Amino acid sequence: MIADLDQLIGNCVTDVFGTMLSMVVEPQIAGPMKSNGDAQIASAVGFSGRMTGVVYLYTSAKFGRKIAATMLGLTESEVGGDDIVNDVMGEIANMVVGNFKSGLCDRGYNCALTIPSIVRGSNFTIEPISNTERRVYQFRCQDRPLVVELLLKAGEDESTR
């Protein structure tokens, strides 16, 4: 697997949050992923090629609204319904994974992106498929948790078919 994967994903998250939202993201020591029962948003973008996987960004629905307001230059009360928050969180995930994909391509692991998807809820579990490497990264942003989960496995490159 890629030697500097942890640094790559960390750089992608901090770069997107810093550039697009002017928010500082600080890595934390990874511990068990847990929710306090608050509504959560999981934004996901998959990719395939020589590396295949999915990157999930998890945050509270409340912090997702703050992120949406910041990205759109609005106050939190001006942000409409959940659809706007979902769109923004999907776009943030798309940008993080776009940077990640570029980093993979720079290392010789060509891959393509898929469409972002959003899951909302207060109690859900995501399980990796077999033969998949799973890594969890925890961050703090504006004193709120942000968790990034990476599911990754070597895939079949389009050029070898």
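Cys141 has a relative accessibility of 0% and therefore counts as buried. This residue of the predicted model is part of strand 6, and it makes a convenient starting point for a walk through the fold. Beyond its sequence neighbours up to four places away, Cys141 touches Phe17, Met23, Val24, Val25 and Phe63. One of these partners, Val25, is 116 residues from Cys141 in sequence, yet the two C-alpha atoms are 4.7 Å apart in space.

Another partner of Cys141, Val24, has quite another setting. Val24 sits in the loop that links helix 1 (5–21) to strand 1 (25–28), and because its relative accessibility is 62%, above the 50% cut-off, it counts as exposed. When residues up to four places away in sequence are set aside, Val24 is in contact with Arg140, Cys141 and Gln142. Its C-alpha atom is also 6.9 Å from that of Thr14, a residue 10 places away along the chain.

The overall architecture comes next. The protein contains three helices and seven strands, arranged along the sequence in the pattern α-β-β-β-α-α-β-β-β-β. Of its 161 residues, 40% are buried. Contacts that reach across the sequence are well represented: among those between residues at least 6 apart, 68% join residues at least 24 apart. The exposed surface amounts to about 8400 Å², of which carbon and sulfur atoms supply 48%.

Helix 1 can be checked with a little arithmetic. At 1.5 Å a residue, its 17 residues should span 24 Å, and the end C-alpha atoms are indeed 24 Å apart, so the expected and modelled values agree. The buried residues of this helix are Leu5, Leu8, Ile9, Gly10, Cys12, Val13, Val16, Phe17 and Leu21. Together they pack against strand 1, strand 3, helix 2, helix 3, strand 6 and strand 7. Following helix 1 is Ser22, which has a positive phi near 50°, although Ser22 is not a glycine. Ser22 belongs to the loop between helix 1 and strand 1, and its relative accessible area of 65% is why it counts as exposed.

A comparable backbone feature appears at Asp143, which is not a glycine either and has a positive phi of about 60°. Asp143 is found in the loop between strand 6 and strand 7. With a relative accessible area of 65%, Asp143 is exposed.

Helix 2 (61–72) passes the length check as well. Its 12 residues should span 16 Å at 1.5 Å a residue, and its end C-alpha atoms are 16 Å apart, so the two values agree. Its buried residues are Ala61, Phe63, Gly64, Ile67, Ala68 and Ala69. Just beyond the end of helix 2, Gly73 adopts a positive phi of about 70°.

What lies at the heart of the packing? In soluble globular proteins, nonpolar side chains tend to be buried together. Here, the largest nonpolar core has 40 residues, and those with the most contacts inside it are Phe17, Phe47, Val55, Ile67, Ile92 and Phe100. At least two residues of this core come from each of helix 1, strand 2 (40–49), strand 3 (51–60), helix 2, helix 3 (82–106), strand 6 (133–141) and strand 7 (144–154). Helix 3 makes the largest contribution, with 10 residues. Phe100 illustrates how these elements meet: leaving out residues up to four places away in sequence, it touches Leu5, Leu8, Ile9, Cys12, Phe47, Val55 and Leu150. A second core, separate from the largest, has seven residues, among them Ala42, Tyr58, Val147 and Leu151.

Nonpolar side chains are also found on the outside. Leu72, Leu74 and Ile84 form a nonpolar surface patch of about 220 Å². Leu72 is a residue of helix 2, and its relative accessible area of 42% lies between the 20% and 50% cut-offs, so it counts as partly exposed.

How values were computed: Residues are numbered from 1 along each chain as its sequence is written. This is a predicted model: local features need pLDDT of at least 70, side-chain atom pairs count only at pLDDT 80 or more; totals for chains, interfaces and linings use all residues. Side-chain values use heavy atoms; hydrogens and water are left out. Helices (H or I, at least four residues) and strands (E, at least two) are DSSP runs, numbered from the N terminus. Buried means under 20% relative accessible area, exposed over 50%, partly exposed in between (1.4 Å probe, protein chains only). Contact means heavy atoms within 4.5 Å. Accessible areas come from the Shrake-Rupley method with a 1.4 Å probe; for residues, only the protein chains shown count as cover. A nonpolar core is a set of buried Ala, Val, Leu, Ile, Met, Phe, Trp, Tyr and Cys residues joined through side-chain atoms within 4.5 Å. Patches are made of residues with over 30% relative accessible area and no salt bridge: like charges are joined within 9 Å, nonpolar side chains (Val, Leu, Ile, Met, Phe, Trp, Tyr) within 5 Å. A salt bridge is a side-chain nitrogen of Lys or Arg within 4 Å of a carboxyl oxygen of Asp or Glu. The expected span of a helix is 1.5 Å times one less than its number of residues.
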